[in-house]
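The following paragraphs offer a guided reading of a structure, passing from a single residue to the packing of helices and then to the assembly. The reader may wish to keep the sequence and the model in view throughout.

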Number of protein chains: 2
Amino acid sequence: MPDSFDLESFLPYRLNRAAELISLSFSREYKQRFQMTRPEWRALAALGSVGRMTATEIGTHSNMHKTKVSRAVAALEERRWLKRRENETDRRVEHLELTAAGLKAYREIADLAQTYQASLEAALGKGAIARIEAGLADVERALLAGAKGRR
Amino acid sequence: MPDSFDLESFLPYRLNRAAELISLSFSREYKQRFQMTRPEWRALAALGSVGRMTATEIGTHSNMHKTKVSRAVAALEERRWLKRRENETDRRVEHLELTAAGLKAYREIADLAQTYQASLEAALGKGAIARIEAGLADVERALLAGAKGRR
DNA sequence: TCGAGATGGTTACAAGTGTAACCGTCGATT
DNA sequence: AATCGACGGTTACACTTGTAACCATCTCGA
């Protein structure tokens, strides 16, 4: 049964495997320490680095489904790491921003993330990560370009 | 608020985003056409390319959790795309193999996958995918090496 | 000014997932 | 042969997720 197809060199599979592995590896670093889910961490990261944002903006920025954002924001609010501020001119919109406690948490985890990435860089050699990210950007560009016609 | 941390260049995030995007893009190709979930497709791919395997082997080969494998196998069996054969010497083990129908389905989807990858190669230029996969392999190697100590 | 449709955001529901506990079998030790 | 731990595989449970429906508000054109 000679089959030239090999899962091992199929890009969607390879990307997923690597992503799962690295996700697991990094989430171990903060899941227990901060009791936070990945969507929450992403929302926190977006708010921490960009500043005040709306839920929709968080969604596009960190590319999460709006229900995920909604739940992550609710969780962060519950923890008093962010507060909502209403928009004067459009009452559908809510501006979100981190509280002092939220900002503090953000800084700690961002630190963790930088250390993590630095250790990866040390292991892989300088520039390797940049090359990978460039490759990923190419893939994303190709996918999004191809999707236009299909929508 | 000067923060040098940027989610956009954080590898776990970048990998996940790319993986989600490509997964979505390819799964559209078969989810509707074959009514199959990703774990089922992975198990099918493993069985189709390797031949007879046990559930545990499928798990390591396509690196899926054993409950995922168990459910995927049950689904494929339900659809009569695979059958179980008992091991003479060890009755815990079940050898799994595709039926004629299963093999046929496998060939069709493998075909789809190859076409998909070819179109990516066409869009990105020859060799780009190989470079990315090499980079991913480096990352995985680094992660697994680092994990040894931590286990 | 009054709709019709678009948009920001939330939520009910169904499906997929991992953890942990479980069953049956095997192998080694006694 | 009896026992104990390891192993292959399944399942109950809780939790996460996306889909679709929903509410409230806004916008634009008749």
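In this predicted model, B:Leu47 counts as buried, because 25 C-beta neighbours lie inside 10 Å of this residue, where 20 or more suffice for that class. B:Leu47 belongs to helix 2 of chain B. Which residues surround B:Leu47, once its neighbours within four places in sequence are left aside? The contacts are B:Met53, B:Leu82, B:Leu96, B:Glu97 and B:Leu98. One of these partners, B:Leu82, stands 35 residues away along the chain, yet the two C-alpha atoms are separated by 9.0 Å.

The helix that carries B:Leu47 also packs against another helix of the chain. Two packed helices are described by the angle between their axes and by the distance between those axes. For helix 2 (residues 38-50) and helix 5 (residues 100-124) of chain B, the angle is about 105° and the axes are 10 Å apart. Helix 2 of chain B is therefore roughly perpendicular to helix 5 of chain B, since angles of 65 to 115 degrees are placed in that class. On the side of helix 2 of chain B, the contact is made by B:Trp41, B:Leu44 and B:Gly48. Helix 5 of chain B contributes B:Gly102, B:Leu103, B:Ala105, B:Tyr106, B:Ile109 and B:Ala110. Sorted by class, the contact of helix 2 with helix 5 of chain B holds seven nonpolar and two polar residues, with no charged residues.

In chain A, a further packing involves helix 2 and helix 4 (residues 66-78), whose axes come within 9 Å and cross at roughly 80°. These two helices of chain A are therefore roughly perpendicular to each other. From helix 2 of chain A, the residues taking part are A:Pro39, A:Glu40, A:Ala43 and A:Leu44. Helix 4 of chain A supplies A:Lys68, A:Val69, A:Arg71, A:Ala72, A:Val73, A:Ala75 and A:Leu76. The contact of helix 2 with helix 4 of chain A comprises eight nonpolar and three charged residues, and no polar ones.

Beyond the helices, some loop residues deserve attention. A:Arg80 is located in the loop between helix 4 and strand 2 (82-86) of chain A. The phi angle of A:Arg80 is near 60°, a positive value in a residue other than glycine. Is A:Arg80 buried or exposed? A:Arg80 counts as exposed, because it has 11 C-beta neighbours inside 10 Å, and 12 or fewer define that class. In chain B, B:Arg80 lies in the loop between helix 4 and strand 2 (82-86), and phi of B:Arg80 is likewise positive, near 60°. B:Arg80 is exposed, with 11 other C-beta atoms within 10 Å. Another loop residue, B:Asn63, is found between helix 3 (55-61) and helix 4 (66-78) of chain B. B:Asn63 has 14 other C-beta atoms within 10 Å and is therefore partly exposed. From B:Asn63 to B:Arg85 there are 22 residues in sequence and 22 Å in space, C-alpha to C-alpha.

These details may now be set within the chain as a whole. Chain A contains six helices and three strands, and from the N terminus on its elements follow the order α-α-β-α-α-β-β-α-α. The radius of gyration of chain A is 19 Å, well over the 15 Å that the globule rule gives for 151 residues, so chain A is more spread out than a compact globule. Its C-alpha trace spans about 65 × 40 × 30 Å along the principal axes. Of the 151 residues of chain A, 32% count as buried. Among contacts in chain A between residues at least 6 apart in sequence, 48% join residues at least 24 apart.

The assembly of the two chains completes the picture. In the interface, 48 residues of chain A are in contact with 48 residues of chain B. Two or more residues on the chain A side come from each of helix 1 (11-34), helix 2 (38-50), helix 5 (100-124) and helix 6 (128-150) of chain A. The largest share of that side, 14 residues, comes from helix 6 of chain A. By class, the side of chain A that touches chain B has 27 nonpolar, 13 polar and eight charged residues.

How are the two copies related? A turn of 179° and a shift of 0.0 Å along the axis lay chain A on chain B with an RMSD of 0.1 Å. The copies are thus related as by a two-fold rotation axis. Moreover, 100% of the interface residues of chain A are also interface residues in chain B, so the copies meet through the same surface.

Conventions:
Residues numbered from 1 in each chain as written. Chains lettered and ligands numbered in written order. Predicted model: local features only at pLDDT ≥ 70, side-chain atom pairs only at ≥ 80, totals over all residues. Contact = placed C-beta atoms within 7 Å. Helix = DSSP H or I, 4+ residues; strand = E, 2+ residues; numbered from the N terminus. Nonpolar A, V, L, I, M, F, W, Y, C, P; charged D, E, K, R; others polar. Axes fitted to C-alpha atoms, helices over the stretch in contact; angles between N-to-C directions. Parallel < 35°, antiparallel > 145°, perpendicular 65-115°, else oblique. Least-squares fit on C-alpha atoms with pLDDT ≥ 70 in both. Rg over C-alpha atoms; globule rule 2.2 N^0.38 Å.
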